[in-house]
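Got your viewer open? Let's take a short walk, one selection at a time.

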Amino acid sequence: MESELSRPYAIHSATECERLERQAILARLPDHLSFLSVPPHARILDAGCGSGSMARLLASAHPTARIVGVDVRHDYVAFAHERAVLDGLTNVEFQQGDIFHLPFPDASFDIVWSKYVLQWVKEPHLAIAEFRRVSKAGAFVVCANFDGFAVTHWPEDPVLQPVLDRVFRGLVDPFVGRKMAPMFKAAGLVDIKVDFEPDRLFTILGAIDPDRKRNWVEQLAAARSYIAQILGGEAKADHFVGDLLGYLDRADTCSYTALYFVRGRAP
Ligand SMILES: C[S@@+](CC[C@H](N)C(=O)[O-])C[C@H]1O[C@@H](n2cnc3c(N)ncnc32)[C@H](O)[C@@H]1O
């Protein structure tokens, strides 16, 4: 189910695709379309598509385009396919596959999009090289990812902060956003552009709102056994989750996460 080059998807649960759908709404996904210039009849890959929200959005926004969503988990691919059928979309399909061994020949796509995936993989530069391989000459690779995720807060809580660092560095790469552009360059992509904005899911000024809190609660619950492994016991994990949610509820704090959009063109 998981690639040997990916970290465990610690937030997996039976309801993860529904959570990803709600998360896409909170993230205001349609705004991301401004980072993609889609020519008529484009072939677009959504690599690590999860519930398929972006692939479906692209399909409805660009009716002449053909979109393929790929995810390593077959249950997510099945969910994405069902939603596309319900939406009556005929220009999008979903396939199970590993972003390190994409099931497509060289030079297949005009755009490769990938959001919130590279933090879950052990060798992101190899994934970017694979995105370049399946890109036609002149095609764009666009990766969106966070930077400072879950570990950048002010004022810092001196007791919680080192535990946050330990837990989130154990689960994902919280700083993958800033690392993407150099990896694009190393993969031979050209005309590289970097934009960033506040990540709307994890940038929180003052007490957290109920929708963002639910998003946190669900992910922390799914990741409980992984957090317990990192901290050395379930009681410690539960204590940590309580402390983190308590911190996010404080009126006097700000949690900062940037969302990087890195674009590069295949030569
Ligand atoms: C946080 S979700 C993001 C899903 C979607 N891109 C979004 O923005 O909602 C990360 C996704 O990456 C997928 N993934 C992780 N490693 C992968 C790999 N090696 N190949 C394909 N998909 C992978 C996971 O299964 C999961 O669906």
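Before the first click, a word on "near": here a residue counts as near a molecule if its C-beta atom, placed from the backbone, lies within 6 Å of it. Keep in mind, too, that you're looking at a predicted model.

**Stop one: the ligand.** Select the ligand and show what's around it: 21 residues surround it. Want the closest ones? Pick out Ser-3, Ser-6, Gly-48, Gly-50 and Val-72. Now color the shell by residue type, and you should get twelve nonpolar, five polar and four charged residues.

**Stop two: a pair of helices.** Next, select residues 16–26, which make up helix 1, and residues 210–222, which make up helix 7. Their axes are 11 Å apart, and the two helices pack at an angle of about 150 degrees. Angles over 145 count as roughly antiparallel, so that's what helix 1 is to helix 7. Their crossing is left-handed.

Turn on side chains to see who makes the contact. On helix 1, select Glu-16, Arg-19, Arg-22, Gln-23 and Leu-26; on helix 7, select Asp-211, Arg-212, Asn-215, Glu-218 and Ala-222. What kinds of residues make up this contact of helix 1 with helix 7? Six are charged, two are polar and two are nonpolar.

**Last stop: the whole chain.** Zoom out and switch to cartoon: the chain has nine helices and ten strands. Its radius of gyration is 18 Å, close to the 18 Å that the globule rule gives for 267 residues, so the chain is as compact as a globular protein of that length. Turn it around, and the C-alpha trace spans about 50 × 40 × 35 Å along its principal axes.

Technical notes: Residues numbered from 1 in each chain as written. Predicted model: local features only at pLDDT ≥ 70, side-chain atom pairs only at ≥ 80, totals over all residues. Nonpolar A, V, L, I, M, F, W, Y, C, P; charged D, E, K, R; others polar. Axes fitted to C-alpha atoms, helices over the stretch in contact; angles between N-to-C directions. Helix = DSSP H or I, 4+ residues; strand = E, 2+ residues; numbered from the N terminus. Parallel < 35°, antiparallel > 145°, perpendicular 65-115°, else oblique. Left-handed = near helix turned anticlockwise from the far one by under 90°. Contact = placed C-beta atoms within 7 Å. Rg over C-alpha atoms; globule rule 2.2 N^0.38 Å.
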